[in-house]
Every structure is written in structure tokens, then in C-alpha cells.
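Colleague: I have the model open and some bench questions about it. Can we go through them in turn?

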Amino acid sequence: QIQQLGATTAPPNRPALQPVTDQAMADILKSVRGEGLEDGKKALARQIFAGRRRFLSRQVCEVVKAFAFEDTRLEVAELAYDVVLDPENYFLVNSAFSFPSTKDGLASFIESRRAERPRPPGR
């Protein structure tokens, strides 16, 4: 059996989580880009990522790139981290940043989040 990229295995009787569809992603990007002010965009991103939607890292990167300011991009990338299906690919979000210091900030954030999660038994 081949597992789809981005899908997670689910226990029996529970469907695997699926990323947002291409159409939903297009609607999300249109809405974010249509907001005039950076604060409005950020508030919209909070709403989007607070929902039960699940995203792929590459999709988060697209949303992050819709913001003009580096510090806001970092905030949005941090907001989205907990709703990705593929956190092992979150390095893709780095391409949304212009400065190495911002990439370092995201790496530090991710490391702190990983440290908060309990380790599986036997590791």
C-alpha cells in the first residue's frame, strides 16, 4: 500500500488527515492578498490557522510569502507550525524569508516546540 505524500496514517475507524485542497488554498491566498493592511492579513491568517484545517509546509510557505514584512512573515510561520501535516518539511518555509536572522528565528521556534513535545516511549 502506498501512502500519499502529506497524508498521515490513522487508527482504524478514523480517516487520515488530508491537507487543504488546491481550490481551498487558492481561496485562502486570494483572501489574504486581498487584505489591504498587514494587520488585517495577520488577523485573517490567525483565523485560517485556528481552524481545523491542515496544511502542508509548502502551502504555509505560500501564505507566508503573501506578507510584506519579514517580522510578520515570521509570526505567521510560527502560527502555522502546529497545523502542518508534515513538520519534517517545515524547512521549506525558509524560502519565504530574506534574512538569515529570520530563518534562525524560525529554527529556534521549531526547536523549542519540539522540546515541549514528549518523546515517544523507547527513544
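What follows is a short exchange on confidence, fold, core and packing.

Colleague: What is the mean pLDDT of the chain?

Modeller: Keep in mind that this is a predicted model. Of the chain's residues, 82% reach a pLDDT of 70 or more. The mean pLDDT of the chain is 87.

Colleague: Over which residues does pLDDT stay under 50?

Modeller: Look at the start of the numbering. The model has six contacts beyond four places in sequence for this stretch. The stretch where pLDDT stays under 50 is residues 1-6.

Colleague: In which helix is confidence highest, and in which is it lowest?

Modeller: The secondary structure comes to five helices and zero strands. Confidence is lowest in α5, at a mean of 93. It is highest, at 97, in α3.

Colleague: Which helix gives the most to the largest nonpolar core?

Modeller: The largest nonpolar core has 31 residues, and F49, F55, V60, Y90, V93 and L106 have the most contacts inside it. At least two residues of this core come from each of α1 (22-34), α2 (38-50), α3 (57-64), α4 (70-80) and α5 (100-116). The top contributor, with five residues, is α1.

Colleague: Which residues does V60 touch, leaving out those up to four places away in sequence?

Modeller: V60 is among the core residues with the most contacts inside the core. In general, nonpolar side chains tend to be buried together in soluble globular proteins. Beyond four places in sequence, V60 touches F49, F55, A80, V84, Y90 and V93.

Colleague: Are α2 and α4 roughly parallel or roughly antiparallel?

Modeller: The axes of α2 and α4 lie 10 Å apart, at an angle of about 10°. Angles under 35 degrees count as roughly parallel. So α2 is, relative to α4, roughly parallel.

Colleague: How many residues in the contact of α2 with α4 are charged?

Modeller: On the α2 side are E38, K42, A45, R46 and F49, and they meet T72, E75, V76, L79 and A80 in α4. Five residues of this contact are nonpolar and one is polar. The charged ones number four.

Colleague: Is G34 buried or exposed?

Modeller: G34 sits in helix α1. Its C-alpha atom is 9.8 Å from that of A66, which is 32 residues away along the chain. Exposed means over 50% relative accessible area. G34 has 62%, so it is exposed.

Colleague: What share of the chain's residues counts as buried?

Modeller: The cut-off for buried is under 20% relative accessible area. The chain has 123 residues. The share that counts as buried is 37%.

Notes:
Residues are numbered from 1 along each chain as its sequence is written. This is a predicted model: local features need pLDDT of at least 70, side-chain atom pairs count only at pLDDT 80 or more; totals for chains, interfaces and linings use all residues. Side-chain values use heavy atoms; hydrogens and water are left out. A nonpolar core is a set of buried Ala, Val, Leu, Ile, Met, Phe, Trp, Tyr and Cys residues joined through side-chain atoms within 4.5 Å. Buried means under 20% relative accessible area, exposed over 50%, partly exposed in between (1.4 Å probe, protein chains only). Helices (H or I, at least four residues) and strands (E, at least two) are DSSP runs, numbered from the N terminus. Contact means heavy atoms within 4.5 Å. pLDDT is the predictor's confidence in each residue, from 0 to 100. Axes are lines fitted to C-alpha atoms, for helices over the stretch in contact, and angles run from 0 to 180 degrees between N-to-C directions. Angles under 35 degrees count as roughly parallel, over 145 as roughly antiparallel, 65 to 115 as roughly perpendicular and the rest as oblique. Ala, Val, Leu, Ile, Met, Phe, Trp, Tyr, Cys and Pro count as nonpolar, Asp, Glu, Lys and Arg as charged, and the others, Gly among them, as polar.
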